[in-house]
Amino acid sequence: METADYPPDFRCPISMEVMKDPVTILTGVSYERKNIEKWFNAYNKKTCPATMQRLQSSDMTPNHTLKRLILAWQDRLVTPSLSPSQPSIKHEEMVSLFSTLESSPFKVTSLKKIRSIVELGDDTRSDFILSGGVEAVVQILVNQTVVDNYDFVSFQACEEALGVLHLLPLSVEDKTFQLLSKPEPMKSIAIVLQRGSAEARLYAITVFRQIAKTDFDWNLLLQDQGTDLFKSLLELVYDEIDSKASSCALEVLIEILASSKKSRLKAIESGAVCVLIEILPDSNRSKCEKMLLLIKLLCKCAEGRMALVEHGLGIPAVSKKLLHVSNSSTKLGVKILWLMSTFHPTERVLEEMLIYGAVKKLVALIHLDGRSSTKDKVLNMFKLHGNSWRRHPCFPCDLNDYLGCHE
């Protein structure tokens with residue numbers, strides 16, 4: 001390919017040749033290093049060659065983003081990614097936007113244009129990735145959130161960057177995953193999840209859900225964000241308006257809590273048990289199963305079991321879901337009650353299981369055909385507490401027949 005075929009932003013404004021070592025001066029214009037050094041030093045000029053603005057200093061900053069884009073373009077010449085039907089003008093427009101993104105004062109507008117191109121289909125998404133777009137946009141995502149005093153426009157640029165990135169495929173092998181799963185981008189996504197608009201929070205949780213499907217280690221992010229991360233996830237779970245964001249948040253929580261006891265303790269500290277119990281009664285089948293799984297994970301900790309007991313609706317809410325939602329919900333409910341009655345068998349727990357109908361439903365499960373781990377847990381609970389329940393004045397007399405234990 002001739003030099004003339006390269007995007008104009010890849011050429012040095014002085015020599016009009018493709019840059020190998022681009023640097024940016026105070027006006028935001030990029031030049032080939034040797035050319036601009038010659039302009040300043042050999043010709044003793046104090047102006048920008050392209051704009052003729054007078055400069056206060058001749059400071060130069062390496063433009064690493066532009067250099068990566070040029071190299072990516074050159075690699076693309078060997079393995080072109082665009083189909084013949086895809087207009088090349090879209091590619092040139094996109095690459096031009098990348099190259100000026102870092103220095104542009106109109107980042108939000110540029111990112112919106114990039115997103116509109118990426119949304120055209122799989123070809124443009126592949127072209128975006130191969131042309132170095134991921135690196136450029138991730139850099140914007142990170143740069144706009146690393147400072148404590150970022151303004152509204154800067155944060156809006158961060159949200160728009162995430163709006164582009166959430167459209168891309170994420171698997172361990174993908175370049176996008178390798179860049180986004182680093183500590184700084186993950187921290188930036190968490191900040192958007194906590195402070196962003198409703199739309200931006202959906203972008204953030206969508207990216208987190210895709211990352212959660214891999215074997216990602218959440219410990220570094222949890223160390224940095226602490227309970228703030230869990231509180232923002234639980235806010236989305238509680239959101240009755242955006243069901244998609246709520247469902248994604250539940251899936252992310254499942255992956256995080258399954259990864260370590262430390263993460264479960266942080267979630268309990270953030271009030272996870274309380275939130276889940278409050279919304280469990282009115283949840284649909286899919287959300288109910290996810291929430292019961294989360295409660296089960298939390299009840300593996302003594303702190304989680306204590307939180308469930310201290311919440312007045314804990315045992316009643318779990319008991320209500322037995323035999324009423326799905327086989328999965330019943331199995332999870334039995335596991336929760338087994339954890340409570342085995343490791344926290346207080347008088348209050350046993351009495352609430354009886355009063356709110358859990359014991360009656362457990363009796364019905366004993367008489368299901370076949371053997372299963374769920375049935376074994378039910379039998380174990382009656383072995384431990386059957387006599388105690390039968391002595392209680394609220395114990396239904398007709399259940400004695402089912403238990404085969406006439407006095």
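A contact here means heavy atoms within 4.5 Å. Welcome to a short tour of a predicted model.

**View 1. The whole protein chain, with its 23 helices and three strands.** The radius of gyration is 30 Å, well over the 22 Å that the globule rule gives for 407 residues, so the protein chain is more spread out than a compact globule. Its C-alpha trace spans about 110 × 45 × 30 Å along the principal axes. Among contacts between residues at least 6 apart in sequence, 65% join residues at least 24 apart. Of the 407 residues, 52% count as buried. The protein chain exposes about 20100 Å², and carbon and sulfur atoms supply 50% of that area.

**View 2. Helix H19, residues 327-343.** At 1.5 Å a residue, the 17 residues of H19 should span 24 Å, and the end C-alpha atoms are indeed 24 Å apart. Take a look at the buried residues of H19, among them Leu-332, Val-334, Ile-336, Trp-338 and Met-340. What covers the buried residues of H19 includes helices H16 (285-298), H17 (302-310) and H18 (314-321), along with H20 (347-355), H21 (358-366) and H22 (373-391).

**View 3. Cys-48, a cysteine in no disulfide.** A search of the whole structure finds zero disulfides. For Cys-48, the nearest cysteine sulfur is that of Cys-12, 11 Å away. Cys-48 is buried, with a relative accessible area of 0%.

**View 4. Cys-301 and its closest cysteine sulfur, in Cys-299.** The two sulfurs are 8.9 Å apart, too far for a bond, because a disulfide needs cysteine sulfur atoms within 2.5 Å. Cys-301 counts as buried, at 2% relative accessibility.

Notes: Residues are numbered from 1 along each chain as its sequence is written. This is a predicted model: local features need pLDDT of at least 70, side-chain atom pairs count only at pLDDT 80 or more; totals for chains, interfaces and linings use all residues. Side-chain values use heavy atoms; hydrogens and water are left out. Helices (H or I, at least four residues) and strands (E, at least two) are DSSP runs, numbered from the N terminus. The expected span of a helix is 1.5 Å times one less than its number of residues. Buried means under 20% relative accessible area, exposed over 50%, partly exposed in between (1.4 Å probe, protein chains only). The radius of gyration is taken over C-alpha atoms; the globule rule is 2.2 Å times the number of residues to the power 0.38. Accessible areas come from the Shrake-Rupley method with a 1.4 Å probe; for residues, only the protein chains shown count as cover.
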